[in-house]
Amino acid sequence: MDSPTGSGAGTGSRAAPRHASGRSAGHRGRALAVSAGAGVAVAAALALGGCTSGQSAATSTVQKVSANTIIHRKLVIETGKMDGKPGWPRFTPGGFTAPAGATIVLTIVNYDDGTAPLPPASPWGQVWGGDATFGEVTGGTELVNGTKVNEISNQLVSHTFEIPALLVNIPIPAASSSSNPVTVTYTFRVNKSGTFLWICAAPCGSGSAGMGGAMGANGWMRGYVHIT
Ligand SMILES: [Cu+2]
């Protein structure tokens, strides 16, 4: 990691969300641990911190478009009952592709009426708008049923859609019932190409800590976002 931007000094700030300046070191530590799964993407992001080519090791071509290009993507969160695997909620599809530089309007429709409460001091209830310092992500505005929010109370979080390497986190509240989903819209731009891991940070899986089952399975509570 010999990035000219000084990746050593930058690692700590990249691991913590922009809005979490008052949070405990312990939870920043957890952010680092969760992000470790995206080690390759993080390494690529840091190594390219001062690079303007827009390319990463994960892609060979770059299709730059302007912010005027609006890309709509939609993910649905199904309960385990809906997807036929009880106890295994999932995002479907398990990821999406969008061009670098475009304005991405990501709609997430959650049919899960259960919560997966986060610890009281957890930063994952907050909307993260990417890393303005590095300029890799701009925007990052969340609407819940049309109303702008900056965070969801940790007790009320059902799932999150987090892209650790891009410092994007979209907290998602529970549906009011399984037949009355909640709609979350998150608008952002990713200004570099690459393949980025996304994860759900809410303990919605199996096991006593809620971190098993769907939480560790690609196509369920984790997957990849491809920025081309
Ligand atoms: Cu989840």
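## Core, sheet and local geometry of a predicted chain

The largest nonpolar core contains 47 residues, and those with the most contacts inside it are Ile108, Leu166, Val168, Ile170, Phe196, Cys200 and Ala202. Two or more residues of this core come from each of strand S1 (70-78), strand S4 (103-110), strand S8 (157-163), strand S9 (168-173), strand S10 (182-190), strand S11 (194-199) and strand S12 (222-227). A nonpolar core here is a set of buried Ala, Val, Leu, Ile, Met, Phe, Trp, Tyr and Cys residues joined through C-beta atoms within 7 Å. A residue is buried if 20 or more other C-beta atoms lie within 10 Å of its own, exposed if 12 or fewer, and partly exposed in between, with C-beta atoms placed from the backbone. Helices (H or I, at least four residues) and strands (E, at least two) are DSSP runs, numbered from the N terminus.

This is a predicted model, in which local features need pLDDT of at least 70, side-chain atom pairs count only at pLDDT 80 or more, and totals for chains, interfaces and linings use all residues. Residues are numbered from 1 along each chain as its sequence is written.

### Confidence and overall content

The average pLDDT of the chain is 79, and 71% of the residues score at least 70; pLDDT is the predictor's confidence in each residue, from 0 to 100. Over residues 1-61 pLDDT stays under 50, and for this stretch the model has 86 contacts beyond four places in sequence. Two residues are in contact if their C-beta atoms, placed from the backbone, lie within 7 Å.

Four helices and 12 strands are found in the chain. Of its 228 residues, 43% are buried. Among contacts between residues at least 6 apart in sequence, 75% join residues at least 24 apart.

One of the core residues with the most contacts, Val168, touches Trp128, Gly130, Val137, Gly140, Glu162, Ile163 and Phe188, leaving out residues up to four places away in sequence.

### The six-stranded sheet

Six strands form an open sheet in the order S2-S1-S4-S10-S6-S7, with mixed pairing. Its edge strands, each pairing on one side only, are strand S2 (90-92) and strand S7 (147-149). From one strand to the next the twist averages 30 degrees. Axes for such angles are lines fitted to C-alpha atoms, for helices over the stretch in contact, and the angles run from 0 to 180 degrees between N-to-C directions. Two strands pair if DSSP finds at least two bridges between them.

S10 pairs with S4 in the antiparallel sense over seven bridges. In this pairing isoleucine 104 stands opposite phenylalanine 188 in S10. S10 is also joined by seven bridges to strand S6 (residues 137-144), again antiparallel. Threonine 138 stands opposite arginine 189 in S10.

### Residues around strands S1 and S3

Alanine 98 belongs to strand S3 (residues 95-98). Alanine 98 counts as buried because 22 C-beta neighbours lie inside 10 Å. Beyond four places in sequence, the contacts of alanine 98 are Ile71, Arg73, Ile104 and Ile227.

Arginine 73 sits in strand S1. Arginine 73 has 16 other C-beta atoms within 10 Å and is therefore partly exposed. With residues up to four places away left out, arginine 73 touches Phe96, Ala98, Ile104 and Leu106.

Serine 177, by contrast, is in the loop between S9 and S10. Serine 177 is exposed because it has 9 other C-beta atoms within 10 Å.

Each of these three residues has a C-alpha to C-alpha distance to a partner elsewhere in the sequence:

| Residue | Partner | Sequence separation | C-alpha to C-alpha distance |
|---|---|---|---|
| Alanine 98 | Valine 190 | 92 residues | 8.9 Å |
| Arginine 73 | Phenylalanine 96 | 23 residues | 7.1 Å |
| Serine 177 | Glycine 114 | 63 residues | 8.7 Å |

### Backbone exceptions

Most residues other than glycine have a negative phi, and most peptide bonds are trans. The bond between threonine 92 and proline 93 is cis, with omega about -5 degrees. Proline 93 lies in the loop between S2 and S3.

Asparagine 145, not a glycine, has a positive phi of about 50 degrees. Asparagine 145 is placed in the loop between S6 and S7, and it is exposed, with 12 other C-beta atoms within 10 Å. Leucine 167 also has a positive phi, near 55 degrees. The loop between S8 and S9 holds leucine 167. Leucine 167 counts as buried, with 26 C-beta neighbours inside 10 Å.
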